[in-house]
Amino acid sequence: METQDTIQDSSGVELLTRKQPSDLSSEASSHERCYEKSNSFTSSSTDSGRKIYPCAECGKGFHNSANLSRHLRIHTGLKPFSCECGKSFTHKSMLDAHQRIHTGEKPFTCSECGRCFTQKSHLIKHQVIHTGEKPFLCSECGKCFMQKSDLLKHQKVHTGEKPFPCSQCGRRFAGKLDLVNHQRMHTGEKPFPCFECGKCFTQKSILVNHIKIHTGERPHQCPDCGKCFAQKSKLLGHQRTHTGEKPYSCSDCGKIFGHKSSLVKHHQRVHTATS
């Protein structure tokens, strides 16, 4: 049996919402539709800014039926736009953005440095690097961040929260992306290929660093001697030659090192060989 509800907007126009009782994940028969009971409705009602198409599930209003139909996919789980790789999406725009992963197309270019991106949202996030703006402040320690997501991840340092456990080994992570990256250690998946040499990587950041081998780019310069490096981590390690800092200590003999790799080699050569 169908259930009907009558609602009335601010202009007095009565709307009849009809909801099928069947599972929302089914086809169009389960989608909620809005019907006008009065013949007095005209397109001028939408021109005035009123949202006369309400969602029967959550009550959110929309200006036209097309927007309501797209919204309903949130409730039904319908993903009608499929990529040849098998992944499906609720909106065509999301499919178009995804397909650029396969084509390599990057239509959004940074006017400052010329770097290109597959999605406009990625370009907007990148542009903050040039402005230096860090509008997201941690109320605990005062540290500022360029992205809100970085702030939220950082705040878990203070709370100690690690809500994302690995189902394989039980290790927990503060961010979902950290968990996804970790899980590739178990699966062996390397979804980020280099289009220059074909080498594949578990993380996009590792691929980005690798690509600099082909381009010869070395954007990280030492302020003391001017030497340039492809990776920031390499620069930080190099700077310890100037500062004399040795932050890595051997737990067996107390010897300290400027680089973690040096500590690992020391432990293998001295302590592992004698044990």
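## Lys92 and its partner in helix α3

Lys92 is partly exposed, with 47% of relative accessible area. In this predicted model, the side chain of Lys92 joins that of Asp96 in a salt bridge, with 3.4 Å from N to O. Asp96 is also a partly exposed residue, at 28% relative accessibility.

Why are Asp96 and Lys92 separated by about one helical turn? Both belong to helix α3, which covers residues 92-103, and they are four residues apart there, so about one helical turn lies between them.

## Two further salt bridges

Side chains of opposite charge can pair when their charged atoms come close. How many salt bridges does the count come to? The total is three salt bridges, and the pair in helix α3 has already been introduced.

Another of these pairs is Lys153 with Asp178, whose side chains meet at 3.0 Å, N to O. This pair ties together distant parts of the chain: Lys153 sits in helix α5 and Asp178 in helix α6 (residues 176-187), 25 residues apart. Lys153 is partly exposed at 40% relative accessibility, and Asp178 is partly exposed too, with a relative accessible area of 25%.

Then there is the salt bridge between the side chains of Glu189 and Arg184, with an N to O distance of 4.0 Å. Is Arg184 buried or exposed? Arg184 has a relative accessible area of 12%, and buried means under 20%, so Arg184 counts as buried. Its partner Glu189 is partly exposed, at 43%.

## A positive patch on the surface

Now for some charges that gather at the surface. Which residues form a positive surface patch? The members are Lys246, Lys255, Lys265 and Arg269.

Arg269 can be found in helix α9, which runs over residues 260-274. With a relative accessible area of 58%, Arg269 is exposed, because the cut-off for that class is over 50%.

## Met146 and its surroundings

Met146 lies in the loop that connects β11 (144-145) with α5 (148-159). Helix α5 is also where Lys153 of the salt bridge with Asp178 is placed. At a relative accessible area of 24%, Met146 is partly exposed.

What is Met146 in contact with, once its neighbours within four places in sequence are left aside? The list is Val128, Ile129, Gly132, Glu133, Lys134, Pro135 and Phe136. For one of these, Lys134, there is also a C-alpha distance: the C-alpha atoms of Met146 and Lys134 are separated by 4.2 Å, while the two residues are 12 apart along the chain.

## A loop residue and two residues in helix α2

Gln168 has its place in the loop between β12 (164-165) and β13 (172-173). Gln168 is exposed, with a relative accessible area of 60%. Look for Thr187 as well: Gln168 and Thr187 are 19 residues apart in sequence, and their C-alpha atoms are 9.9 Å apart in space.

Helix α2 covers residues 65-76 and includes Ser65. Ser65 is partly exposed at 42%, and its C-alpha atom is 9.2 Å from that of Pro54, a residue 11 positions apart from Ser65 along the chain. Asn67 is found in helix α2 as well, and is partly exposed with a relative accessible area of 25%. Where Ser65 was paired with Pro54, Asn67 can be paired with Tyr53: these two are 14 residues apart along the chain, with 8.8 Å between their C-alpha atoms.

## The chain as a whole

It helps to step back and view the whole chain. How many helices and strands does the secondary structure of the protein chain come to? There are nine helices and 19 strands. The protein chain has 275 residues, and 24% of them count as buried; Arg184 is one residue described as buried.

The protein chain exposes about 18,700 Å², with carbon and sulfur atoms supplying 51% of that area. As for contacts between residues at least 6 apart in sequence, 8% join residues that are at least 24 apart.

How values were computed: Residues numbered from 1 in each chain as written. Predicted model: local features only at pLDDT ≥ 70, side-chain atom pairs only at ≥ 80, totals over all residues. Heavy atoms only, no water. Helix = DSSP H or I, 4+ residues; strand = E, 2+ residues; numbered from the N terminus. Buried < 20%, exposed > 50% of the residue type's maximum accessible area, 1.4 Å probe, protein only. Contact = heavy atoms within 4.5 Å. Areas by Shrake-Rupley, 256 points an atom, 1.4 Å probe, with all protein chains shown as cover. Patch = residues over 30% accessible without salt bridge, like charges linked within 9 Å, V, L, I, M, F, W, Y side chains within 5 Å. Lys, Arg positive; Asp, Glu negative; His and termini not counted. Charge placed at Lys NZ, Arg CZ, Asp CG, Glu CD.
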